[in-house]
Amino acid sequence: MIQIRPVSDLRKKFPEIERSVNKGQPIYLTKNGYGAMVVLSLEKYAELTDDIELKLDIADCTAAASDVRYTHEEVFSRLKEGCRG
């Protein structure tokens, strides 16, 4: 179940929020009734970002080993083609 709480709960009810986050549940925080941020456990955050960071590291190594450079138009065109199948 999605948990949406006011950002003030982060200070007032930190142990409760921490327990939920450590169970793998993100907590959506609002400020003045509008979405402000999401709190995640470090493990959940790593699940979301590790693959991207690995691919960026591979791209850095590939770029360092080659003089070939692409424009942003070429990169996004290839990405769009890949998405279309």
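In this short talk I will walk through the strands, one helix, two loop residues and the largest pocket of this structure. Please keep in mind throughout that what we are looking at is a predicted model.

Let me begin with the strands. Strand β1 covers residues 3-6, and its side chains alternate, with Gln3 and Arg5 pointing to one face, where they are buried, while Ile4 and Pro6 point to the other face and are not buried. That fits a general pattern, since in a regular strand the side chains alternate between the two faces of the sheet.

The partner of β1 is strand β2, residues 27-31, and the two pair in the parallel sense over four bridges; if you look for Pro6 in the model, you will find Thr30 of β2 standing opposite. On β2 there is also a pairing with β3, and here the strands run antiparallel and are joined by five bridges, with Leu29 standing opposite Met37 of β3.

Now to the connection between those last two strands. β2 and β3 form a hairpin with two residues between them, and Asn32 lies in this loop, ahead of β3 at 34-39. What is the phi of Asn32? It is positive, at about 55 degrees, although Asn32 is not a glycine. For background, most residues other than glycine have a negative phi. Asn32 also counts as exposed, because its relative accessibility is 70% and the cut-off for exposed is over 50%.

Next comes helix α3, residues 42-64, where we can make a simple check on length. With 23 residues at 1.5 Å a residue, the helix should span 33 Å, and its end C-alpha atoms are 30 Å apart, which agrees. Within α3 there is a bend of about 40 degrees, placed at Thr49.

After α3, on the way to α4 at 72-84, the chain passes through a loop that holds Asp67. Is Asp67 buried or exposed? With a relative accessibility of 78%, Asp67 counts as exposed. It is useful to set Asp67 beside the other loop residue we met, Asn32: the two are 35 residues apart along the chain, and their C-alpha atoms are separated by 50 Å.

Finally, the pocket. The largest pocket holds about 150 Å³ of space, and its lining is made up of Ala59, Thr62, Ala63, Ser66, Val68, Arg69 and Tyr70. Sorted by character, those lining residues divide into four nonpolar, two polar and one charged.

Notes:
Residues numbered from 1 in each chain as written. Predicted model: local features only at pLDDT ≥ 70, side-chain atom pairs only at ≥ 80, totals over all residues. Heavy atoms only, no water. 1 Å grid on protein atoms, 1.4 Å probe; cavity = no way out; pocket = protein on both sides within 12 Å on 5 of 7 lines; lining within 4 Å. Points joined across faces, edges and corners; volume = space filled by probe spheres on them. Nonpolar A, V, L, I, M, F, W, Y, C, P; charged D, E, K, R; others polar. Buried < 20%, exposed > 50% of the residue type's maximum accessible area, 1.4 Å probe, protein only. Pairing = 2+ DSSP bridges. Expected span 1.5 Å × (residues − 1). Bend = angle between axes of the 7 residues up to and from the residue.
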